[in-house]
Amino acid sequence: MDRRAEAARLRPAYQRELAQGTERFHHPRRADCPWCGSARLRTRLRTVDLLQRKPGTFVLDQCRDCAHSFQNPRLTADGLDFYYRDFYDGFSGEALKGFADAGFTRNRYLAAARSVLPFCRPRRWLDVGTSKGHFPQAAREIHPSTVFDGLDIGEGVEHAERLGHVTEGHRGRLTDLAPKLAGRYDVVSMFHCLEHTPDPRQELAAALAVLEPGGHLVIEVPDPECLTARILGRWWVPYFQPQHLHLIPAANLRDELESLGCTVVAVDRREPHIPVDLAGAVLLALSRFLPRDDAPWHPAPPGPLRRALRPALFWAAVPLLIAAFAVEQLTAPLVRRTRFSNAYRVVARVGGADGG
């Protein structure tokens with residue numbers, strides 16, 4: 001794709017939208033916590049779109065009582081469409097693919113697939129937020145007789161079905177499709193998608209609705225209690241604004257699942273850790289401070305000097321990126337055992353300890 005030509009083609013439509021301002025993309029700010037209802041809130045983070053550099057400011061508040069963190073004011077459906085557009089597909093799809101997939105390696109997928117082995121031998125597995133079906137494709141090595149289906153709001157799930165990565169690809173939102181899929185699966189996985197949802201409680205209820213009695217739900221999410229978040233601030237990758245709407249402490253997620261009649265059979269912070277915090281922070285800083293690229297949400301294309309300066313400065317910073325990545329990989333085995341681990345996994349069984 002000729003990015004300059006594509007940016008020129010898309011720019012008029014983006015500029016018409018932006019002429020109306022970005023405030024309309026937000027719901028009114030709420031005065032209480034969406035998780036526990038407490039009015040004791042504090043501002044945890046104020047930032048901008050560090051990756052695409054689309055206009056707008058985003059705030060994460062944290063509840064002083066239950067520690068739930070959430071985007072406030074939260075994006076509306078139109079806002080989500082605006083900021084998601086051209087990220088995973090379209091204009092920025094290829095450029096940002098490596099960043100979006102960072103850390104989601106085959107070994108991580110295999111570890112996630114093995115997480116249910118102590119509890120069940122799945123027959124039919126639904127992977128929510130599957131994108132192009134990379135997890136089901138890898139997980140068949142661990143579960144060769146399992147039928148894997150995928151669900152996603154993007155066109156990637158249709159691609160996954162065409163490639164045979166999933167048997168059935170369901171395009172849409174889980175909350176909308178749950179009635180059609182009720183009771184069909186004995187495992188549902190949600191890897192780094194719950195934090196993207198406007199209402200995590202509705203999403204959990206929908207996931208349980210598509211599970212049969214005794215089925216298992218596997219969830220991986222960023223850990224907002226990770227100590228690295230305090231050190232790196234806005235440069236901590238899992239904040240991932242404006243896409244991440246909720247950051248849920250492990251205790252809160254566990255309590256919610258138990259209130260829904262589940263038994264939490266495993267919580268793990270070691271395997272789910274993704275060693276990208278340092279390199280990701282460097283990359284976010286580069287994206288923020290380098291001259292902007294030619295994107296249709298900018299009012300005009302950059303001049304020749306800026307176009308030449310951007311790649312030159314980026315390549316000058318590559319040794320720093322490589323060093324940060326190397327340090328992170330070397331220290332990952334130790335970090336996984338500490339509160340610097342940046343993600344956690346919960347496995348829950350529908351019903352009591354015996355599956356009833």
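Two strands pair if DSSP finds at least two bridges between them, and strands (E, at least two residues) and helices (H or I, at least four) are DSSP runs, numbered from the N terminus. Residues are numbered from 1 along each chain as its sequence is written. The model is predicted, so to speak for local features a pLDDT of at least 70 is needed, side-chain atom pairs count only at pLDDT 80 or more, and totals for chains, interfaces and linings use all residues.

**Exercise 1.** Work out how E1, E2, E3 and E9 are arranged, and find the partner of Asp61.

*Solution.*
- Step 1: get the order. The open sheet has 4 strands, E1-E2-E3-E9, with antiparallel pairing.
- Step 2: check the edges. E1 and E9 (246-247) each have a single partner strand, so one side of each has no neighbour in the sheet.
- Step 3: zoom in. E2 (residues 57-63) and E3 (residues 69-71) run antiparallel and are joined by 3 bridges. Asp61 has Phe70 in E3 as its bridge partner.

**Exercise 2.** Place strand E4 among its neighbours: which strands does E4 pair with, and in what sense?

*Solution.*
- Step 1: take E5 (residues 147-152). E4 pairs with E5 in the parallel sense over 5 bridges, and Leu126 stands opposite Asp149 in E5.
- Step 2: follow the chain. From E4 the path goes through helix H5 (residues 134-139) to E5, a right-handed β-α-β crossover (with the strands pointing away from the viewer, the path from the first strand over the helix to the second runs clockwise).
- Step 3: take E7 (residues 185-191). E4 and E7 run parallel, joined by 4 bridges, and Val128 has Met190 as its bridge partner in E7.
- Step 4: look at burial. In E4 (residues 124-128), 4 of the 5 residues are buried (under 20% relative accessible area, 1.4 Å probe, protein chains only), so the strand is largely enclosed by the rest of the structure.

**Exercise 3.** Describe what lines the largest cavity.

*Solution.*
- Step 1: fix the term. On a 1 Å grid over the protein atoms alone, a cavity is a set of points where a 1.4 Å probe fits but cannot get out; lining residues have an atom within 4 Å of a point.
- Step 2: size it up. The largest cavity holds about 150 Å³ of space, volume being the space filled by probe spheres set on the points.
- Step 3: list the lining. Of its 18 residues, Leu50, Leu51, Phe240, Gln241 and Pro242 are the closest to the centre.
- Step 4: sort them. The lining divides into 12 nonpolar, 4 polar and 2 charged residues (Asp, Glu, Lys and Arg count as charged; Ala, Val, Leu, Ile, Met, Phe, Trp, Tyr, Cys and Pro as nonpolar; the others, Gly among them, as polar).

Methods
Heavy atoms only, no water. Buried < 20%, exposed > 50% of the residue type's maximum accessible area, 1.4 Å probe, protein only. 1 Å grid on protein atoms, 1.4 Å probe; cavity = no way out; pocket = protein on both sides within 12 Å on 5 of 7 lines; lining within 4 Å.
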